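The exercises below are meant to be worked with the sequence and the model side by side. Try each task before reading its solution.

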Amino acid sequence: MAIANQKGGVGKTTTTVNLGASLAELGLRTLLIDLDPQGNASTGLGIENRGLEHSMYHVMLHDEPLENVVEPTDVKNLFVAPASLDLAGAEIELVPAFSREQRLKRAIDAVIDDYDYVLIDCPPSLGLLTVNGLSAAKEVLVPIQCEYYALEGLGQLLRNVDLVKKNLNPELEMSTILCVMYDARTKLSDQVVREVREHFGDKVLRSIIPRSVRLSEAPSFGQPITTFDSKSRGALAYRDAAKEVHRDAS
């Protein structure tokens, strides 16, 4: 499942990390692939991404087997293939590469039988790294923040998903939308959730992720919210979302 939205700051990485940890907590072996050069999903799980011998950069550009890159995390059943800053140049380096859109897919195909879920944290752009993420995935999960302009730019993402589906990956579906950064004190949050549900119906998860200081603090301790503050509203919301995702998948 690719977690994608070309807008920055919409909670993609927070969702990837915490959904992954919640699935792992359900006993499902989960691999999180960090395709974002900022590497926040890696550091958010306690993986120091400076000076890594092997990272997703080597998988994407030097055909390094994915299994050589995967690191265990402190969360049982949760593994991460970390990003390093080198990935920032990968967009340009991939341009002349042979079958450049399918590199991630080939890498994942070699390890897919070892995991119940593979979550791909895509960068906030629609470049070649995101195209690789979409080409490798069966489904796309889009986090949408409950704020003004939330739906802006979504049309472009949906068009890109369609293009990838037509040209590279006929199995791809935009299957899931998750409303995040919900603020119960504002009418706007309710309005956005209503609007998103009207547009996308059953694709929108019933679980809604609240805006929460604890969710923002967890990454700086290198932990998902489920271990950082196990009983917080954010942890409970991501656990509910994981159960929904898994129920829909089974």
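Two rings of Phe, Tyr or Trp (its six-membered ring) count as a pair if their centres lie within 6.5 Å, and the pair is called stacked with planes under 30 degrees apart, edge-to-face with planes over 60 degrees apart, and tilted otherwise. This is a predicted model, in which local features need pLDDT of at least 70 and side-chain atom pairs count only at pLDDT 80 or more, whereas totals for chains, interfaces and linings use all residues. Residues are numbered from 1 along each chain as its sequence is written, and side-chain values use heavy atoms, with hydrogens and water left out.

**Exercise 1.** Find how many aromatic pairs the structure holds, and classify the pair formed by Y148 and Y149.

*Solution.* The structure holds three aromatic pairs. For Y148 and Y149, the ring centres are 4.7 Å apart and the planes meet at 45°, so this pair is tilted. Next, consider the surroundings: Y148 is exposed, its relative accessible area being 59%, where buried means under 20%, exposed over 50% and partly exposed in between, with a 1.4 Å probe and protein chains only. Y149 sits in the loop between β6 and α7 (154-167), and its phi is near 70°, a positive value in a residue other than glycine.

**Exercise 2.** Locate D63 and describe its backbone and its exposure.

*Solution.* D63 belongs to the loop between α3 (56-62) and β3. Its phi, near 55°, is positive although the residue is not glycine. With a relative accessible area of 55%, D63 is exposed.

**Exercise 3.** Work out the strand order of the sheet, and then say which strands form its edges.

*Solution.* Begin with the inventory: the chain has eleven helices and eight strands, taken as DSSP runs (H or I of at least four residues for helices, E of at least two for strands) and numbered from the N terminus. Two strands pair if DSSP finds at least two bridges between them. Eight strands form an open sheet of mixed pairing, in the order β3-β4-β2-β5-β1-β6-β7-β8. The edges are β3 (71-72) and β8 (204-210), each of which pairs on one side only. Within the sheet, β1 (residues 2-3) and β6 (residues 139-145) pair in the parallel sense over two bridges, and A2 has V140 of β6 as its bridge partner.

**Exercise 4.** State what share of the chain is buried.

*Solution.* Of the 250 residues in the chain, 54% are buried.
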